[in-house]
Amino acid sequence: MTASRPQKRVADCLAYAVARQQQAMSWELRAATSIARLWRDKDKPRQARELLAPVYGWFTEGFDTRDLKEAKALLDELHA
């Protein structure tokens with residue numbers, strides 16, 4: 001059984017909040033990327049960039065990882 005879109009949004013927001021509170025940067029990046037995708041799909045690219053860009057900016061290494069590659073690709077798309 002897959003989650004409905006509203007349930008996915010709630011789960012992503014909760015994951016983001018928990019990751020932020022626990023200072024779990026990788027999980028926060030993953031959650032921020034997911035929320036940014038939702039906002040992109042809702043035609044809210046500015047909000048998506050404002051959420052994702054600072055989280056992505058924390059990283060100084062690991063740019064070959066899947067999560068950082070996906071975040072970078074989304075940011076590139078949002079800046080296009």
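What follows is a short exchange on how three helices of this predicted model pack.

Residues are numbered from 1 along each chain as its sequence is written, and side-chain values use heavy atoms, with hydrogens and water left out. In this predicted model, local features need pLDDT of at least 70 and side-chain atom pairs count only at pLDDT 80 or more, while totals for chains, interfaces and linings use all residues.

Colleague: How do α2 and α3 run relative to each other?
Modeller: Helices here are DSSP runs (H or I, at least four residues), numbered from the N terminus. α2 covers residues 25-41 and α4 residues 66-79; α3 covers residues 45-57, and its axis lies 8 Å from that of α2, at about 165°. Axes are lines fitted to C-alpha atoms over the stretch in contact, and angles run from 0 to 180 degrees between N-to-C directions. Angles over 145 degrees count as roughly antiparallel, so α2 and α3 are roughly antiparallel.

Colleague: Which classes make up the contact of α2 with α3?
Modeller: Contact means heavy atoms within 4.5 Å. Leu 29, Ile 35 and Trp 39 are among the α2 residues that meet α3, where Leu 51, Leu 52 and Val 55 are among the partners. Ala, Val, Leu, Ile, Met, Phe, Trp, Tyr, Cys and Pro count as nonpolar, Asp, Glu, Lys and Arg as charged, and the others, Gly among them, as polar. The split is 11 nonpolar, 2 polar and 2 charged.

Colleague: What is the division for α2 with α4?
Modeller: These axes are 10 Å apart at about 30°. Angles under 35 degrees count as roughly parallel, so α2 and α4 are roughly parallel. Arg 30, Arg 37 and Arg 40 in α2 are among the contact residues, as are Asp 67, Glu 70 and Glu 77 in α4. The residues divide into 6 nonpolar, 2 polar and 6 charged.

Colleague: Why are α3 and α4 called oblique?
Modeller: Their axes are 10 Å apart. Roughly perpendicular covers 65 to 115 degrees, and angles outside the named ranges count as oblique. α3 and α4 are therefore oblique, with an angle of about 140°.

Colleague: Which ring does the charged end of Arg 30 sit over?
Modeller: A charge sits over a ring if NZ of Lys or CZ of Arg is within 6 Å of the ring centre and within 35 degrees of the ring normal. For Arg 30 the distance to the centre is 4.9 Å. The ring belongs to Trp 27.

Terms used:
Helices (H or I, at least four residues) and strands (E, at least two) are DSSP runs, numbered from the N terminus.
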